[in-house]
Amino acid sequence: MKGYLGIDVGSVSTNIVFMDEDTNVLESLYLRTNGQPVVAVQRGLKQISEKLPAHTVVRGVGTTGSGRQLTGIVVGADAIKNEITAHAVAASHLVPGVQTVLEIGGQDSKIIILRNGVVTDFAMNTVCAAGTGSFLDQQASRLNIAIEEFGDIALRGKTPVRIAGRCAVFAESDMIHKQQMGFNLEDILAGLCEALVRNYLNNVGKGKEIFGPVVFQGGVAANAGMRRAFERAIGMEVHVPKYFNVMGAVGAALLARDAVSRGVPTRFKGFGVADLEYKAGSFECDGCPNLCEVIEMAEAGRVIARWGDRCGKWSNALAAGEAAGNCS
């Protein structure tokens, strides 16, 4: 079997997919990053390799997400792309003709506008956690309900309660106040979903023309209450693709396929990287007044990458296999 790996490393989750040469997703994996991106990637690669047939050939690897650069160095990526590109490519592949992508992840949210298959506009919200997966997890825990049940309970709400959703702190306070007033849980959760959708559209989606088809992806897309709230707010159907929670990885795999399509050999180091020891460290360069913090990654005791130096003194020297020179 031959195919492509896509790896999406975010602050909350690390997602990996294996796609065959006909772009069918054969295996997918959703893991918690737990603040250790390299460890999560290694664990994921080991699990994916155990699911794939023996002698599977990986023709290309793509990485995306906030940890894409680090992961790309560790695994030997052929394509290292930002989340906007990866999510747009995946959405266009799974829902042909998509014009609007609503994406809500663990700690951020974004909207991507496409026209004729090309990204024409986008926006991200990384200031407030209201409406993201981590916030919903926190509220589910506070209410002593499983996050998997959150959306179904919200769907049972008949009269959604008006909740202040512009801030995570205010939203939680308002929910507690409404509980103390005697409103039932179903209506409170339905109201929270509507509040978070209003917040999303008024901030992330402000000034954006939302045309269909509309795709909702990211971990929060599993919440049926949020999907219904979006459909009510924008007045059109919202599609949740099959691989909604690993769309970044799907896009990364597709981008890897494009990167090696011209006969370029893959840079993938193999599944054996899952068993290697990696260690990241940093030091301050005193070669000039910039005092750059240089970060370096070591693989099995050997430094394989450095970054953070503005002038390239350390990173370029490592790439050239030479001792570092003077600051320019």
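In which strand does V119 lie? V119 lies in strand β8; helices (H or I, at least four residues) and strands (E, at least two) are DSSP runs, numbered from the N terminus. The model is predicted: local features need pLDDT of at least 70, side-chain atom pairs count only at pLDDT 80 or more, and totals for chains, interfaces and linings use all residues. Residues are numbered from 1 along each chain as its sequence is written, and side-chain values use heavy atoms, with hydrogens and water left out.

**The open sheet**

Five strands make up an open sheet of mixed pairing, in the order β8-β7-β6-β9-β10. Two strands pair if DSSP finds at least two bridges between them. The edges are held by β8 (118–125) and β10 (238–239); each has a single partner strand, so one side of each is left without a neighbour in the sheet. At one edge, β7 and β8 are antiparallel and share seven bridges, with I112 partnered by F122 in β8. At the other, β9 and β10 pair in the parallel sense over two bridges, and V215 stands opposite H239 in β10.

V119 is partly exposed, with a relative accessible area of 34%; buried means under 20%, exposed over 50%, and partly exposed in between (1.4 Å probe, protein chains only). Together with F122 and M124, V119 makes a nonpolar surface patch of about 250 Å². Patches are made of residues with over 30% relative accessible area and no salt bridge, like charges being joined within 9 Å and nonpolar side chains (Val, Leu, Ile, Met, Phe, Trp, Tyr) within 5 Å. A salt bridge is a side-chain nitrogen of Lys or Arg within 4 Å of a carboxyl oxygen of Asp or Glu.

**Hairpins and backbone**

The hairpin of β7 and β8 has two residues between its strands. Another hairpin, formed by β2 and β3, has four residues between the strands. Strands β2 (residues 13–20) and β3 (residues 25–32) run antiparallel and are joined by seven bridges; T14 stands opposite L31 in β3.

Most residues other than glycine have a negative phi, and most peptide bonds are trans. The table lists two residues with positive phi.

| Residue | Phi | Loop | Relative accessible area |
|---|---|---|---|
| N116 | about 55° | between β7 and β8 | 83%, exposed |
| A300 | about 50° | between β12 (293–299) and β13 (302–307) | 54%, exposed |

T23, in the turn between β2 and β3, also has a positive phi, of about 65°. A cis peptide bond, with omega of about -5°, joins G212 and P213; P213 sits in the loop between α7 and β9.

**Cores and helices**

The largest nonpolar core has 38 residues, of which L192, F216, M226 and F230 touch the most other members. Such a core is a set of buried Ala, Val, Leu, Ile, Met, Phe, Trp, Tyr and Cys residues joined through side-chain atoms within 4.5 Å. Elements giving two or more residues to this core include β6 (100–104), β7 (109–115), α6 (168–181), α7 (185–203) and α8 (224–234). Helix α7 gives the most, nine residues. A second, separate core of 24 residues includes L5, V9, L45 and A305.

Helix α7 also holds N199, which is buried at a relative accessible area of 7%. The side chain of N199 makes a polar contact (2.7 Å) with the side chain of N203. A polar contact is a pair of N or O atoms within 3.5 Å; within protein, one must be able to donate a hydrogen and the other to accept it, and residues adjacent in sequence count only if both atoms are side-chain atoms.

Methods. Areas by Shrake-Rupley, 256 points an atom, 1.4 Å probe, with all protein chains shown as cover.
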